[in-house]
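Please walk through this model with me, beginning with its strands and sheets, going on to its helices and cores, and ending with a few unusual backbone positions.

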Amino acid sequence: MKRLLTIIPLLLMLCRLAPGALAAPEEAGPEIAAPSAVLIEKETGRVLYEKGADEPRAPASVTKVMTLLLAAEAVDSGALSLDETVTASSRAAGMGGSQVWLEQGEEMSVAELIKCVAVVSANDCAVALAEHIAGSEAAFVERMNARAGELGLANTHFTNCTGLFDDGGHYTSALDLAVMSRELLGHEWIKEYTTIWTDSIRGGEFGLANTNKLLRSLPGCTGLKTGWTNAAGYCVAASCEREGTEYIAVVMGAESSESRNADAAALIEYGFANWALCPALDSALPRLRVELGEADTVQTELAGGGMVLLERGDIQALERRVELPESVPAPVEEGDKLGTLTLTSGDKTLAQLPLTASESAARLSAGGILLRMLLGLVNVPV
């Protein structure tokens with residue numbers, strides 16, 4: 001009894017000294033030196049790693065992810081053409097930091113300006129684009145903040161389109177930057193610019209070399225944007241695609257470009273090593289009978305796309321179970337939930353995904369019901 005009374009206080013003391021010693025170990029992940037980092041998969045948007053991911057920080061030139069996003073959206077909406085000519089203002093020509101030394105009155109195409117922003121992080125070209133799209137940089141920044149609101153970016157506020165000025169009101173977070181990057185990569189053609197290693201402008205007289213050295217050191221790297229200021233430290237939004245799966249790693253506040261790149265590469269390799277995209281379905285979904293509907297059946301579909309991100313260890317034993325009723329009553333609206341797709345591996349449930357209607361079926365009117373009943377009585381197909 002004396003030995004037991006001696007051991008119990010010792011055990012209690014050890015628990016106080018190491019409160020996590022008896023808890024389940026956290027999921028393994030890469031060691032990241034930077035104070036803020038996040039890893040997401042592009043197709044699903046799933047967050048696979050985060051460290052200080054919601055902390056607002058000065059983003060330096062990674063700000064230009066949003067600048068490029070608004071430019072890409074303007075191009076794809078038809079409001080802006082890549083062949084359009086832009087004339088540099090005195091303000092654009094007077095920007096400092098990274099630049100291609102635009103002169104006031106110099107003309108460049110939208111495509112050339114986007115290339116300079118993506119490859120060498122040219123502040124003068126970013127301002128020229130912003131002024132051309134919105135009339136002024138201030139008006140463009142309003143659009144940046146409005147777009148951030150639409151994307152639900154709670155830890156983001158912009159005061160300029162370059163990131164050159166890291167005042168207290170210009171900030172974002174690693175997770176918000178990852179969301180912006182995912183939106184930008186949705187415009188596939190932007191990779192024609194973000195993957196350029198070297199190029200030139202002005203008829204070959206001015207050379208461009210990409211600030212993102214991961215393009216050479218990380219197989220499959222598709223971009224995206226680097227940044228540095230004294231206030232922000234070294235930042236990067238890095239994207240990488242292999243065999244149809246693309247990851248986005250954001251690192252903020254690193255102490256050096258080497259540390260920043262090492263963190264981003266470690267995150268991306270962690271993603272490829274541990275997860276993979278798989279088809280959620282292995283066969284076509286049936287049409288579902290509609291009771292008293294103007295249409296006899298509606299097609300079922302998997303909501304949210306056809307791919308799921310799974311841990312590699314779960315894929316080999318993956319099983320799919322489709323649960324649908326034999327019929328549904330009218331009316332059916334497009335998007336209505338009709339059933340569930342359950343993914344399992346062994347005794348583990350991986351996901352339960354909604355199966356929805358891909359079309360609508362209105363309810364028959366009283367007259368329509370009566371007509372159908374009469375036709376049924378005389379065995380006329382309906």
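Two strands are said to pair if DSSP finds at least two bridges between them, while helices (H or I, at least four residues) and strands (E, at least two) are DSSP runs, numbered from the N terminus. The model is predicted, so that local features need pLDDT of at least 70 and side-chain atom pairs count only at pLDDT 80 or more, whereas totals for chains, interfaces and linings use all residues. Residues are numbered from 1 along each chain as its sequence is written, and side-chain values use heavy atoms, with hydrogens and water left out.

In these terms the protein contains 12 helices and 17 strands. A convenient place to begin is the hairpin formed by S1 and S2, which has five residues between the two strands and, in the turn, Gly45 with a positive phi of about 75°. S1 and strand S2 (residues 47-51) are antiparallel and share four bridges, and Ile40 stands opposite Val47 of S2.

This hairpin belongs to an open sheet of five strands, ordered S2-S1-S9-S8-S7, in which the pairing is antiparallel. S2 and S7 are its edge strands, each pairing on one side only, and neighbouring strands are turned by 5° against each other on average, direction ignored. (Axes are lines fitted to C-alpha atoms, for helices over the stretch in contact, and angles run from 0 to 180 degrees between N-to-C directions.) Within the sheet, S1 and S9 run antiparallel and are joined by six bridges, with Ala37 opposite Val251 in S9. Helix H7 packs on this sheet, touching S1, S2, S7, S8 and S9, and its direction makes about 140° with that of S9. Helix H10 (residues 257-274) also lies across S1, S2, S7, S8 and S9, running at about 150° to S9.

The interior can be described through its cores. A nonpolar core is a set of buried Ala, Val, Leu, Ile, Met, Phe, Trp, Tyr and Cys residues joined through side-chain atoms within 4.5 Å, where buried means under 20% relative accessible area, exposed over 50%, and partly exposed in between (1.4 Å probe, protein chains only). The largest nonpolar core has 68 residues, of which Met66, Val100, Ile114 and Val250 touch the most other members. Two or more residues come from each of several elements, among them strand S1 (36-41), helix H2 (64-77), helix H4 (110-120), strand S8 (233-242) and strand S9 (245-254). A second, separate core of 26 residues includes Ala37, Ala238, Val251 and Tyr270. Leaving aside neighbours within four places in sequence, Val250 is in contact (heavy atoms within 4.5 Å) with residues including Val38, Leu177, Val236 and Leu267. In soluble globular proteins, nonpolar side chains tend to be buried together.

Helix H2 deserves a closer look. Its 14 residues reach 20 Å from the first C-alpha to the last, close to the 20 Å expected at 1.5 Å a residue, the expected span being 1.5 Å times one less than the number of residues. H2 is mostly covered, with 11 of its 14 residues buried, and its cover includes H4, H5, H6, H7, strand S7 (221-229) and S8. Just after H2, Gly78 takes a positive phi of about 90°.

Elsewhere, six strands form another open sheet in the order S14-S16-S17-S12-S11-S15, with mixed pairing. Strand S14 (318-323) and strand S15 (327-329) stand at its edges, each with a single partner strand, so one side of each is left without a neighbour in the sheet. Here neighbouring strands are turned by 30° against each other on average, direction ignored. Strand S16 (residues 337-345) and strand S17 (residues 348-357) pair in the antiparallel sense over eight bridges, and Thr340 has Pro354 of S17 as its bridge partner.

Most residues other than glycine have a negative phi, and most peptide bonds are trans. Against that background, Trp101 has a positive phi near 60° and is exposed, with a relative accessible area of 56%. Ser121, in the loop between H4 and H5, has a positive phi of about 60° but is buried, with a relative accessible area of 3%. The peptide bond from Gly223 to Leu224 is cis, with omega near 25°, and Leu224 lies in strand S7. Another cis peptide bond joins Ala330 and Pro331, with omega about 0°, and Pro331 is found in the loop between S15 and S16.
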